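User: I would like to go through the charged contacts, ring pairs and backbone outliers of one protein model. Please reason each answer briefly and finish on the item asked for.

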Amino acid sequence: MSLIQWYPGHIAKAERKLKEHLKLVDVVLEVRDARIPLASHHPQVDDWIGNKPRLLILNRLDMIPESAHQQWVTWFKSQGKTVYFTNAKQGERVKAIIKAAEKIGDEINQKRQLRGMLPRPVRAVVIGFPNVGKSALINRLLGRKVVASARRAGVTRQLQWVRISDTLELLDAPGVIPSRLDNQRDAVKLAICEDIGDAGYDNQRIAAAFVDLLVELHYEGLLQSRYGLNTLDITGEDFIEKLANLKYQEDKERAAMQLLNDFRKGIIGAIPLELPPSS
């Protein structure tokens, strides 16, 4: 049985609009979550983009340790991809993206000039799952708040063009999620990170899966130091029950939500839920 169900109507509508607007853009800024760089890649994006230039951005650099950051840089390089890490909330490493997009714009305008056409601003679109930080990134690129941004998926609903500079225009698009995600393990990671918008899932089951994942990744020590509970020989479900009994008057829903929110806000620590494949 699937843990997670989704596909609200506005996501389907957003996907149709996005595909229409992709015809108008020169470069795609694909934003993913640095905690889950593979799970937060929309499986249809490659088909939608085709041969258009793409800048791959892993946001929330502040929420993973430096060791994981370096491992991902090395792995993507081995795949022939340049990756840009950002902390859009604080504006870290954002200028490199502007420079890269403008460089692509220069190349496009050189080709236009050869065809006797006038130069124009490069048109870029920012795409990715809901709540990976697209709006925060655009606000930082522009230097002021122009689009709604919140730690809640589904805030951006309308497509809008934003002028970044004389040479760069950006389209902020609503987050898009696949009509179905066959890999439930990826879906669980997206739910843990709150990256899938108005999805239907059980908080207690997702929190239990989160505990199991942390044990698998050898981060159980962070759980013990934060909550005073040992994960040895117990399941994630048992952990939620023990936490509820210890701190929340046996309210497992409150315990689950506290655990998930502590992770989402970085309170437990900088934790990557994925590391590069070994092969």
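What follows is a set of questions and answers on this predicted model.

User: How many salt bridges does the structure hold?
Analyst: Side chains of opposite charge can pair when their charged atoms come close. The cut-off applied here is a side-chain nitrogen of Lys or Arg within 4 Å of a carboxyl oxygen of Asp or Glu. By that criterion, the number of salt bridges in the structure is twelve.

User: Which parts of the chain does the salt bridge between Arg 54 and Glu 30 tie together?
Analyst: The closest N and O atoms of Arg 54 and Glu 30 are 2.8 Å apart, and the two residues form a salt bridge. The partners are 24 residues apart in sequence, so the contact ties together two separate elements: Glu 30 lies in strand β2 (residues 27-33) and Arg 54 in strand β3 (residues 54-59).

User: Is Glu 30 buried or exposed?
Analyst: The class follows from the relative accessible area, and buried means under 20%. Glu 30 has a relative accessible area of 1%, so it falls in that class. Its partner Arg 54 has 32% and is partly exposed. The class of Glu 30 is therefore buried.

User: Which residue forms a salt bridge with Arg 54 at 2.7 Å between the closest N and O atoms?
Analyst: The residue in question is partly exposed, with a relative accessibility of 37%. It belongs with Glu 30, Arg 32 and Arg 54 to a network of salt bridges. The residue at 2.7 Å from Arg 54, by closest N and O atoms, is Asp 46.

User: Which helices are joined by the salt bridge of Arg 185 and Glu 216?
Analyst: Arg 185 and Glu 216 form a salt bridge, with 2.6 Å between the closest N and O atoms. Arg 185 is partly exposed at 44% relative accessibility, and Glu 216 is partly exposed at 45%. The residues are 31 apart in sequence, so the pair ties together helix α6 (residues 184-192), which holds Arg 185, and the helix of Glu 216, which is α7.

User: Which helix gives the most to the negative surface patch?
Analyst: The patch is formed by Asp 212, Glu 237, Asp 238, Glu 241 and Glu 250. Asp 212 is found in helix α7 (residues 203-216), and Glu 250 lies in the loop between α9 and α10. The top contributor gives three residues, and it is helix α9 (residues 236-247).

User: Is Asp 212 exposed or partly exposed?
Analyst: Exposed requires over 50% relative accessible area, and partly exposed covers the range between that and the buried class, which is under 20%. The value for Asp 212 is 38%, so the class is partly exposed.

User: How is the aromatic pair of Trp 75 and Phe 76 classed?
Analyst: A pair of aromatic rings is described by the distance of the centres and the angle of the planes. Planes over 60 degrees apart count as edge-to-face. Trp 75 and Phe 76 have 5.0 Å centre to centre and 75° between the planes, which makes the pair edge-to-face.

User: Which residues form one aromatic cluster?
Analyst: The count of aromatic pairs comes to five. Trp 75 and Phe 76 are both buried. These two are joined by a further residue, and the cluster consists of Trp 72, Trp 75 and Phe 76.

User: How many residues apart are Phe 210 and Phe 263?
Analyst: Phe 210 and Phe 263 form a tilted aromatic pair, with 4.9 Å centre to centre and 45° between the planes. Phe 210 is buried at 0% relative accessibility, and Phe 263 is buried at 2%. The pair links distant parts of the chain, helix α7 and helix α10 (residues 252-264), and the separation is 53 residues.

User: What is the phi of His 218?
Analyst: His 218 is found in the loop between α7 and α8 (220-227). This residue is exposed, with a relative accessible area of 67%. His 218 is not a glycine, yet its phi is positive, near 65°.

User: What is the phi of Glu 250?
Analyst: Glu 250 lies in the loop between α9 and α10. Its relative accessible area is 61%, so Glu 250 is exposed. Although Glu 250 is not a glycine, its phi is positive, about 70°.

Methods
Residues are numbered from 1 along each chain as its sequence is written. This is a predicted model: local features need pLDDT of at least 70, side-chain atom pairs count only at pLDDT 80 or more; totals for chains, interfaces and linings use all residues. Side-chain values use heavy atoms; hydrogens and water are left out. Patches are made of residues with over 30% relative accessible area and no salt bridge: like charges are joined within 9 Å, nonpolar side chains (Val, Leu, Ile, Met, Phe, Trp, Tyr) within 5 Å. Accessible areas come from the Shrake-Rupley method with a 1.4 Å probe; for residues, only the protein chains shown count as cover. Lys and Arg count as positive and Asp and Glu as negative; His and the chain ends are not counted. The place of a charge is taken as NZ of Lys, CZ of Arg, CG of Asp or CD of Glu. Helices (H or I, at least four residues) and strands (E, at least two) are DSSP runs, numbered from the N terminus. Buried means under 20% relative accessible area, exposed over 50%, partly exposed in between (1.4 Å probe, protein chains only). Rings of Phe, Tyr and Trp (its six-membered ring) pair if their centres lie within 6.5 Å; planes under 30 degrees apart count as stacked, over 60 as edge-to-face and the rest as tilted.
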